[in-house]
Amino acid sequence: MTDEKKLPEKPEDGEAIHRREFFARLGLGSLGIAGLGTAAFAYQFLSPNVLYEPSPVVDMGKPESYSVGSVTLNADARVFVVHSEEGFFALNAVCTHLGCLTAWKEEQKQIACPCHGSKFTREGVKTDGPAPKPLAWLRMWLNEDGSLLVDRSTEIPPKQFVRV
Ligand code: FES
């Protein structure tokens, strides 16, 4: 008695086409994924490598909203708007010691830093504490709509007032 192994039968035509189709689709899918990866990499490579930051110019509103003698902190902009007898000016509200946000103390008539106790006059001159420099005066001007604009990126020498 012979123990013949039965050889696998030749796959039917329908099954062979099915398998061929499967591998063709697999190959196309792989090519598609590789193509998408290449396109994403090329897009990233060709895009300008720019860091989009908010504009340094901020609108501080109408001069009428500041009474004479007022020192107003805009915490978002980190800027003081001072309306003195001589006119308007803007001070950087960031302490020159380690960068804390300072605050106007009406009862003491001074700008104070809550972190290490530096104190400044309303003109930004340091009077006490570890701050190494005065608060910077920032460029301020009136735009055509009559609003006060401040350029936080441009320091100016003190005593340059905006007269309205
Ligand atoms: S951060 Fe203002 S005194 Fe230190």
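These questions and answers walk through the fold of a predicted model.

Q: How many helices and strands does the chain have?
A: From the N terminus on, the elements run α-β-β-β-β-β-β-β-β-β-β. The helix therefore leads and the strands follow, by the DSSP runs used here. The count is one helix and 10 strands.

Q: What is the strand order of the open sheet of six strands?
A: The pairing in this sheet is antiparallel. Its edge strands are β1 (57–59) and β2 (71–74), each pairing on one side only. Neighbouring strands are turned by 30° against each other on average, direction ignored. The order is β1-β10-β9-β4-β3-β2.

Q: Which residue in β10 stands opposite Asp59?
A: β1 covers residues 57–59. β1 and β10 pair in the antiparallel sense over three bridges. Opposite Asp59 stands Leu149.

Q: Why is one side of β5 and of β8 left without a neighbour in the sheet of four strands?
A: This open sheet is antiparallel, with the order β5-β6-β7-β8. β5 (103–105) and β8 (126–128) stand at the edges, so each has a single partner strand. For β5, the pairing with β6 (residues 110–112) runs over three bridges. The reason is the edge position, with a single partner strand.

Q: Which residue in β6 is the bridge partner of Ala103?
A: β5 and β6 pair in the antiparallel sense. β6 spans residues 110–112. The partner of Ala103 is Ala112.

Q: Which elements give two or more residues to the largest nonpolar core?
A: This core holds 19 residues. Val79, Val81, Ala90, Leu91 and Val150 touch the most other members. The contributing elements are β3 (79–84), β4 (87–92), β9 (137–142) and β10 (148–156).

Q: Which residues is Val81 in contact with, leaving aside its neighbours within four places in sequence?
A: Val81 is one of the core residues that touch the most other members. Its contacts include Ala90, also named in that group. The full list is Met60, Tyr66, Thr72, Asn74, Phe88, Ala90 and Leu148.

Q: Is His83 buried or exposed?
A: His83 lies in strand β3. It has 21 other C-beta atoms within 10 Å. The cut-off for burial is 20 or more, so His83 counts as buried.

Q: How far apart in space are His83 and Val68, C-alpha to C-alpha?
A: The two are 15 residues apart in sequence. Val68 is among the contacts of His83, as are Tyr66, Ser67, Gly69, Ser70 and Phe88. The C-alpha distance is 5.2 Å.

Q: What share of the 164 residues in the chain is buried?
A: Burial takes 20 or more other C-beta atoms within 10 Å. His83 meets that mark with 21. Across the chain, buried residues make up 17%.

Conventions
Residues are numbered from 1 along each chain as its sequence is written. This is a predicted model: local features need pLDDT of at least 70, side-chain atom pairs count only at pLDDT 80 or more; totals for chains, interfaces and linings use all residues. Two strands pair if DSSP finds at least two bridges between them. A residue is buried if 20 or more other C-beta atoms lie within 10 Å of its own, exposed if 12 or fewer, and partly exposed in between; C-beta atoms are placed from the backbone. A nonpolar core is a set of buried Ala, Val, Leu, Ile, Met, Phe, Trp, Tyr and Cys residues joined through C-beta atoms within 7 Å. Two residues are in contact if their C-beta atoms, placed from the backbone, lie within 7 Å. Axes are lines fitted to C-alpha atoms, for helices over the stretch in contact, and angles run from 0 to 180 degrees between N-to-C directions.
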